[in-house]
Every structure is written in structure tokens, then in C-alpha cells.
Amino acid sequence: MQTAEHLYETTLPLANGTGTLPAVGFGTLIRDPVAARKAIRVALETGFRHLDCAELYRNEDVVGQAMREAFDAGTVKREDLFVTTKLWNNNHRPERVGPALEASLKRLQLDYVDGYLVHTPYAFRPGDEQYPTDEDGQPAYDREVTLVETWRAMERLVDEGKCRFIGLSDIRLERLKEIVAVARIMPAVVQVECHPYLPEWELLEFCQAHGIVLLAFAPLGHGMEPRVTDDPVIKAIAHRLGRTPAQVALAWAVQRGGAFLTTSTNPEHIRENFAISPLPEDAMQEMRSGIETTFRLNAVVDTGVPGFVPKAG
């Protein structure tokens, strides 16, 4: 990891020598298209160079428009921007993986993405429904495809030059180990819920041992209860250092060797979440030993159904 004086300049090396990942990223899960377009433009103008997208979010076209506007305005060049999107659960069968990425590329108005992730390790019934259900109203899982088969199809996309790296999302350590054991092309990134109330130390250590970047979503707890930014340890450190609790939590995420994604439509918060600087070592130790709350906010790792993504209706 190359850590800079300003943590927003930190980059992390990717497996297979495919370059580096900006540790500070901007998530595009914003339902309102007008708000999303504005927020992405502000993020790029602020200095974010890592955008995280997904087929599931149903707004890749909006992200594409915002990026195109930024390219045309000279805010950023395509080669300086790191763009990731994700394969949704209903496209896990190998013959559906390539077409799914092609559709995402068309919506994003790009020739390639930097990263393509398996959104969850759960395969849903193939088809046009993002959330197919069985007769009991439960997720209709596809038992005729394995995660390894899906991964093999992902590897072929790298061979074809459609993406620079591939990775996994919303996955527990045990399933990750299954892929690492058989991968021809190693996962470069694993994206999971991770914050001071869910530090995922064992997963982080495994990822670092195998050259995999742990990319945290909801690094501030998604504004849900119990609120990470209300934690007394974090608030005390923030007060002592003259920073906001959010800046303390985000700096912690990078300094321990990971990357993170934040999402906001508020320009002030977008800039605040970008302008982070290193914490003193005693503050890092204080957070590790002094924070007692443990809480998972999103059950997607157990069901394949993301808890933070509103269903289209």
C-alpha cells in the first residue's frame, strides 16, 4: 500500500499486476437519477477517482452520463478514473456473464471497466427478474450453477480485455477461500460491509496475505442504528484531533490497509468524506481496543438479497 500524507491519495496494488486501486471511492447507489448525476459530478470535481457501480442499482446509464460530462469538461480523463461494476445474481450462469457485462458497458458508455465483481455468491433463477421468487415468496435460487463456474466465466472476461480485474462482493471468508483455492486469476478485490462495528479482522488478514484488497461499503454504518459516528470512542478522538467522527472512521478504514466507498448527495459531506488525513497510532489502537459494539447491518452475506438497495417497483 502506498500511503500518502493525505489519505485520499492512497493507492493499493491489485493482484496480477493490474495496477492500483484508489483507497477512497465513491458509491453510486443513489436512487434519484438527477441527484445521482449531480453527486457523481461533485465527487469527480472534488477528486474522487474511484466509482463503484452495479447492474442492480439500475442507474448505470446515469453514471455513464455523469462520467461523459466530466470527460467532456476536462474534469478527469478516462484513463485516470477507476470504474467498477457488478454481475447480478440472475446472470451467474456462464453463458450469461459476458452479455451481462456487455450490457453494463453499453449503459456506462465505456469500452471496458477496471473492475467487475460477482455481486453476491448466490445465484438466482436466470431471467429478466432481478428478484425472482418461489411459490412461498422466497428467493428463487439457481441450484444448477456453482460459484466456481461463474468465476471461470469471469476469468475469461479478463482474457478478453473487457475488465482489468475481477473480484467478489458480499461474501464470507469460507466462500472466498473456495475461490482462492481454485482461481486461475485471483480475486483482486473483495467488497463487504465493514466499519468499526464490523471490522472483519480475520477477513482483512486473509485478504492481505493473498494480495487482495478489502473494499468496505457502509464504512460509516449507512446512517443506521447503532450509529458508528455516535460511538463515544470515535467522537472523543474526533474532538481531540479537530475532525469529524466520519473522518476518523474513514481514516481508520484506510490506515489499517483497506479501501472504502462512501455515498452522499450532499456536496459538503462528499468533500468531508474525501478530505481525510492519517490518525496517530494511539488513536488507531484506541479504536481497536476501546470500541465494544459489534453489529452487522446487512444480511446479504446470508441470503444474496442486499438490504440497502431499494427494489424497483
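This is a short chat about the pockets in a predicted model.

Student: What should I know about the model and the numbering?
Tutor: The model is predicted, with local features needing pLDDT of at least 70 and side-chain atom pairs counting only at pLDDT 80 or more, while totals for chains, interfaces and linings use all residues. Residues are numbered from 1 along each chain as its sequence is written, and side-chain values use heavy atoms, without hydrogens and water.

Student: What volume does the largest pocket have?
Tutor: About 790 Å³. A pocket is an open set of points on a 1 Å grid over the protein atoms alone, where a 1.4 Å probe fits, with protein on both sides within 12 Å along at least five of seven lines. The volume is the space filled by probe spheres set on the points, which are joined across faces, edges and corners.

Student: Which residues lie nearest its centre?
Tutor: A218, P219, H222, T262 and T263, out of 34 that line the pocket; lining means having an atom within 4 Å of a point.

Student: And which element gives the largest share?
Tutor: α9, with three residues. Helices (H or I, at least four residues) and strands (E, at least two) are DSSP runs numbered from the N terminus.

Student: Second largest pocket: what lines that one?
Tutor: Its lining includes I171, R172, W201, R296 and V301, around about 160 Å³ of space. Two elements give two or more residues each, α5 (173-182) and α6 (201-209), and α6 has the largest share with three.
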